[in-house]
Amino acid sequence: MTRLAFITGASSGIGQALAARFYQAGYSLALVARRTAEIETWAGSAKIDAQRYRIYGADVACTDSIAAAGAACIAHQGVPDVVIANAGISVGIDTEDRGDLDVLARTFAINNVGLAATFHPFIAAMRARGSGRLVGIGSVASIRGLPGHGAYCASKAGVVAYCESLRGELRAGGVKVVTLCPGYVDTPLTQGNRYGMPFLMRADDFADRAFRAIEAGASYRVIPWQMGVVAKLMRLLPNALFDRAVQGRGRKKRRGE
C-alpha cells in the first residue's frame with residue numbers, strides 16, 4: 001500500500017518542498033495549511049496526481065482546528081506513516097513593548113502547542129499499529145538565544161525539548177520521534193532577514209536531506225551539518241564571549257516592520 005505523509009505548513013517554503021520530496025518518493029500526501037488555495041495552485045503546477053493528495057484547511061494555533069484535520073485525515077486517508085509538524089512563524093520581539101507579548105504568545109501557540117496538537121490525533125493509532133514517525137521541525141536557533149529573537153529561539157528550544165520527551169514516551173510502542181533542526185533555508189520566512197545567513201540552503205536541498213534523515217529514523221539531525229558544528233561551538237562559548245560576539249547583530253523584524 002502507498003505510504004502517507006501528513007505535513008503542516010504545506011502552502012510554501014519547507015513544507016511545500018517536503019511535500020514534493022515525499023511525493024517523488026511514492027508517498028500519498030495529506031497537506032495542511034490555512035491558505036489551501038495556494039496548495040491547490042502548487043499541486044496543479046507540479047502535476048501532483050489528484051488521487052495521491054488531499055488538502056485540509058486548519059490553523060495550528062487553534063488546537064481544535066488542527067486536531068479536526070488529523071481526525072479527518074484518518075477518516076479519509078488512514079493513519080499516516082509520517083507526520084511532519086512543520087508549520088511555524090518567526091518574528092522579532094521587544095519585551096519592553098506590551099504588544100510584543102501577544103506576539104510571543106502567538107509564536108508559542110503555533111510553534112509549540114500547535115506542534116503537539118499536530119501529533120495528538122495520530123499517537124494512539126500509531127502505537128496500536130506499532131509504527132510511525134512524528135517529525136518536529138526545530139531550528140539551530142534553539143541552541144542559543146539571540147538578541148531580538150527571544151520568541152523564536154525560545155519556541156524552537158521548546159520544540160527540541162518536547163520532542164526529546166515524546167521520543168522517550170513512545171519508543172517502546174514502535175513510534176519514532178525525529179527532531180530536525182534546519183540552519184538557514186531560502187524561504188519566505190528568511191528572505192527578509194537583516195543579517196548574514198551562512199550555509200544558506202535551497203528548500204529542495206533541505207527537503208532531500210530531511211527526507212533521508214526521516215527515512216533513517218534519526219532521532220536528531222541538524223541540516224546542514226556545517227551549521228551543527230557552528231551551533232555546537234556557539235554553545236561552548238562562555239557567556240561573556242558569546243554576548244560580545246552577537247552584540248550589534250541585526251535583529252529579526254518585528255510585527256509591522
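This is a working chat about helix packing, aromatic pairs and two buried charged residues in a predicted model.

User: What are the ground rules for this model?
Analyst: The model is predicted: local features need pLDDT of at least 70, side-chain atom pairs count only at pLDDT 80 or more, and totals for chains, interfaces and linings use all residues. Residues are numbered from 1 along each chain as its sequence is written, and side-chain values use heavy atoms, with hydrogens and water left out.

User: Start with helix 4 and helix 5. At what angle do they pack?
Analyst: About 15°, with the axes 9 Å apart. Helix 4 covers residues 98-129 and helix 5 covers residues 150-170. Helices here are DSSP runs (H or I, at least four residues) and strands are too (E, at least two), numbered from the N terminus. Axes are lines fitted to C-alpha atoms, for helices over the stretch in contact, and angles run from 0 to 180 degrees between N-to-C directions.

User: So which orientation class is that for helix 4 and helix 5?
Analyst: Roughly parallel. Angles under 35 degrees get that label; over 145 is roughly antiparallel, 65 to 115 roughly perpendicular, and the rest oblique.

User: Is the crossing of helix 4 and helix 5 left-handed or right-handed?
Analyst: Right-handed. That is, the near helix is turned clockwise from the far one by less than a right angle; anticlockwise would be left-handed.

User: Which residues meet there?
Analyst: From helix 4, they include Leu104, Phe108, Asn111, Leu115 and Phe119. From helix 5, Lys156, Val159, Tyr162 and Leu166 are among them. Contact means heavy atoms within 4.5 Å. By class, the contact has 14 nonpolar, 5 polar and 3 charged residues. Nonpolar covers Ala, Val, Leu, Ile, Met, Phe, Trp, Tyr, Cys and Pro; charged covers Asp, Glu, Lys and Arg; the others, Gly among them, are polar.

User: Lys156 is in that list. Buried or exposed?
Analyst: Buried, with a relative accessible area of 5%. Buried means under 20%, exposed over 50%, partly exposed in between (1.4 Å probe, protein chains only).

User: What does Lys156 touch?
Analyst: Asn111, Ile137, Gly138, Ser139 and Ser142, leaving aside residues up to four places away in sequence. The C-alpha atoms of Lys156 and Ala141 are separated by 6.8 Å, and the two are 15 residues apart along the chain.

User: And Asp100 in helix 4, where does that stand on burial?
Analyst: Asp100 counts as buried, at 4% relative accessibility. Asp100 touches Gly92, Ile93, Asp94 and Arg254, with the same sequence neighbours left out.

User: Now helix 3. How does it sit against helix 4?
Analyst: The axes of helix 3 (residues 63-77) and helix 4 come within 8 Å and cross at roughly 30°. That makes the two roughly parallel. The crossing is right-handed. This contact has 9 nonpolar, 4 polar and no charged residues.

User: Switching to rings. How many aromatic pairs are there?
Analyst: A search of the whole structure finds 4. Rings of Phe, Tyr and Trp (its six-membered ring) pair if their centres lie within 6.5 Å; planes under 30 degrees apart are stacked, over 60 edge-to-face, the rest tilted. Phe22 and Phe211 are edge-to-face: 5.0 Å centre to centre, 80° between the planes. Phe22 is in helix 1 and Phe211 in helix 6, 189 residues apart.

User: What about Tyr27 with Phe211?
Analyst: Edge-to-face, at 6.5 Å centre to centre and 85° between the planes. Tyr27 lies in the loop between helix 1 and strand 2, so the pair ties together parts 184 residues apart in sequence. Tyr27 and Phe211 are both buried. Phe22, Tyr27 and Phe211 form one aromatic cluster.
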